[in-house]
Amino acid sequence: MANSDAIVGWKTITFGCHILEPGNAANFRTGDWRSQRPVTDKEKCIKCGMCWVYCPDMAYSQDEEGYFVANMEYCKGCGICAHECPKDAITMVPEEG
Amino acid sequence: MSKRVGIEVSIAIAEAVGLARAEVIPAYPITPQTHIVEHLSEMVANGELDAEFIPVESEHAAMSCCCGSSAAGARTFTSSSAQGLSLMSEILYIPSTMRLPMVMVVANRAMSAPISIWNDHQDIMVQRDIGWIQTFAENGQEAVDLTLHAFRVAEDRNVSLPFIVNIDGFTLSHVIEPIELPDQEDVDKFLPPFKPRYKLDPRRPITMGPVGIPEVYTEAKVAHDMAMRKAKRYILKAWDEFAEIFGRKYNPVESYRTEDAEILLVTMGSISETAMTAVDAMRDDGQKVGLLRIRLWRPFPSQEFRKAIGKAKVLAVVDRCLPPGAVCGPVGAEIRSLLYKIPGAPKIFSFVAGLGGRDVTVARFKEIVDKARQFAKKRPRELYEVIGVREK
Amino acid sequence: MKEVRIHGRGGQGGVTSAELVATAAIAQGKYAQAFPSFGPERRGAPVAAFIRVSDTQIRTREKVYTPDIVLVLDPSLPGLVNVAEGLKEGGIVILNTELSESEVREKFGIQSRLAMVDATKIATEELGLPITNTTMLGALLKATGIVDKEPLFEALEKRFGRLAEKNKKALERAMNETVVTG
């Protein structure tokens with residue numbers, strides 16, 4: 001093991017440890033963490049957007065038809081959207097492999 | 001023209017904060033700091049000072065507000081004492097590593113229990129390691145001058161750190177004495193508008209105060225420590241500039257009659273004045289006694305202090321704080337570690353005096369010097385004693 | 001350097017009189033300190049305030065233990081408190097009293113020089129209140145000259161505004177009526 005596990009030097013760390021690049025959380029692909037994915041039943045979906053509101057990773061966006069779709073690069077499979085959906089339109093399905 | 005007036009030190013500090021054009025003042029009143037913030041709230045209410053005075057619900061809220069205010073780029077001031085300062089404690093570490101400039105005057109007071117509203121340095125020694133620059137004032141003029149100096153240094157883009165000016169509660173805060181209040185024009189010359197390196201601005205968003213994972217935290221703290229060490233240069237530079245404009249020169253360590261002195265008293269704060277009078281009296285008796293007054297406590301002026309010792313054989317360090325179970329008083333401990341194993345270093349004796357408003361008189365300083373002299377002859381390893389304590 | 005201890009009761013304005021003397025002395029170009037007995041304020045309790053006046057810079061933060069001058073605002077205090085405690089040799093005690101010198105010496109056992117004036121009577125007549133802090137400053141001026149009258153009047157005007165006139169009158173009367181013993 002290296003004698004230092006630092007990923008940044010004290011001379012190169014940002015001033016005050018600020019994050020100077022806005023929205024850089026987008027660089028972190030939390031989709032890798034996922035063990036189950038949300039699947040929306042368009043028959044039941046009323047396009048209310050509750051999944052979009054509650055998603056902690058802002059993974060949801062609206063498609064051309066007005067349905068809300070999770071971006072699998074960021075969806076970490078937490079299941080909050082399925083839990084909050086007022087029409088039980090979202091089901092969590094195990095990822096394969 | 002600046003004017004010399006008889007004024008209560010607290011009121012003069014508030015006037016200095018006004019002359020500094022503070023923009024946001026979140027504060028909660030506590031004895032003996034109260035007159036400072038009361039007067040500031042009057043100045044704001046009367047339209048004499050264009051600032052937001054935020055009467056918060058606690059000191060914890062006061063310091064939280066200060067962080068937000070400084071992060072948004074406003075010149076920020078607050079003041080507290082004792083238990084109030086301790087209630088801020090959770091927040092105090094935050095603006096320092098986050099490099100948010102602000103100025104706080106602490107009217108130093110004892111920590112309860114037993115309940116004491118009187119003066120000593122226990123409240124600020126609790127906060128020794130919060131990573132703020134800290135100075136100690138000896139008199140009312142210094143309290144005013146150091147307050148202006150604090151804004152100048154804290155907001156210097158090379159420094160960008162929060163700053164505490166310590167003034168002894170009651171002993172300074174409640175005394176009326178002659179103070180030269182500077183001109184607005186001169187203060188404006190000394191203290192340019194606050195231009196922070198970074199601020200919270202929706203047009204240019206950044207994140208302040210993110211998580212510091214183990215792979216980052218040490219480096220963030222070392223960067224802060226290095227900023228403190230580097231700050232000394234700018235603290236001294238600002239004192240030079242202050243002297244040019246206002247004619248009063250300050251140093252991180254002041255020597256008084258140290259030439260050929262064998263025993264040096266070491267003090268911080270307003271007891272330094274009484275100590276000077278005591279040194280005069282002992283010199284009149286033919287004793288080779290001098291005095292070192294520490295004005296800059298953090299960052300500690302190591303070089304300056306070592307130089308100021310000269311050829312003294314004994315240092316009698318007077319602490320106004322009793323840390324139960326410790327090796328000795330905090331200032332004593334600092335100086336012992338500074339001089340450890342340096343060839344020819346003097347013996348360092350640590351005394352605790354003046355707790356909870358007990359007067360530190362000329363007679364007490366003489367007693368301290370006598371004890372130091374006696375113990376130096378006996379060659380003990382160390383001496384640590386609470387002075388003037390009654391046993392039965 | 002002259003050191004003064006003022007005895008009063010909480011709320012009688014002892015701290016204000018200390019403040020007035022110190023600010024006047026400073027306006028006169030001297031060095032001065034004024035401070036209360038530090039602590040919580042308690043209306044009616046016997047309290048003290050202190051003044052130092054000097055031609056040179058004052059370099060002490062000790063409390064005043066050996067005053068040159070003691071000023072007592074309330075006639076009942078010498079019976080309760082040893083007002084002459086620590087008084088320097090040649091020092092003076094200035095009392096608000098309706099008693100004669102011999103009565104004062106007998107009743108309170110004060111042996112030092114004395115200055116006496118019935119300040120309660122003067123204040124009641126001139127101010128309509130038995131608040132004697134400014135009236136007793138007249139006795140202080142007459143007995144000691146620690147500060148000049150003009151800067152003291154200016155300090156009074158600054159502090160009291162339109163009420164200053166009455167206070168000045170009471171102070172002048174006390175100056176005239178104060179008896180100083182040898």
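The following exchange treats the chain contacts, the nonpolar cores and one sheet of a predicted model.

In this predicted model, local features need pLDDT of at least 70 and side-chain atom pairs count only at pLDDT 80 or more, while totals for chains, interfaces and linings use all residues. Residues are numbered from 1 along each chain as its sequence is written, and chains are lettered from A and ligands numbered from 1 in the order in which they are written.

Student: Which element gives the most to the side of chain C that touches chain B?
Tutor: Two residues are in contact if their C-beta atoms, placed from the backbone, lie within 7 Å, and here the contact takes 21 residues from chain B and 19 residues from chain C. Helices (H or I, at least four residues) and strands (E, at least two) are DSSP runs, numbered from the N terminus; α1 (14–27) and β2 (31–36) of chain C each supply at least two residues of that side. With 6 residues, the one that gives the most is β2(C).

Student: How many charged residues has the side of chain A that touches chain B?
Tutor: Ala, Val, Leu, Ile, Met, Phe, Trp, Tyr, Cys and Pro count as nonpolar, Asp, Glu, Lys and Arg as charged, and the others, Gly among them, as polar. Chain A brings 14 residues to this contact and chain B brings 20 residues. By class, the chain A side has 10 nonpolar and 3 polar residues, and the charged ones number 1.

Student: Why does the largest nonpolar core lie between two domains of chain B?
Tutor: A nonpolar core is a set of buried Ala, Val, Leu, Ile, Met, Phe, Trp, Tyr and Cys residues joined through C-beta atoms within 7 Å, buried meaning that 20 or more other C-beta atoms lie within 10 Å of a residue's own, placed from the backbone. The largest has 187 residues, and B:Leu265 and C:Val93 are among those with the most contacts inside it. Domain bounds come from an automatic or database domain assignment, and the core lies between the two because both give residues to it: domain 1 (3–246) and domain 2 (253–386) of chain B.

Student: Which strands stand at the edges of the open sheet of chain B?
Tutor: Strands pair if DSSP finds at least two bridges between them, and 6 strands form this sheet with mixed pairing, in the order β9-β11-β10-β13-β14-β15. Two of these strands each have a single partner strand, so one side of each is left without a neighbour in the sheet; they are β9 (253–256) and β15 (383–386) of chain B.

Student: Which residue in β11(B) stands opposite B:Tyr256?
Tutor: β9(B) and β11 (residues 289–294) of chain B pair in the antiparallel sense over 4 bridges. Opposite B:Tyr256, in β11(B), stands B:Leu291.

Methods. Buried ≥ 20, exposed ≤ 12 C-beta atoms within 10 Å, placed from the backbone.
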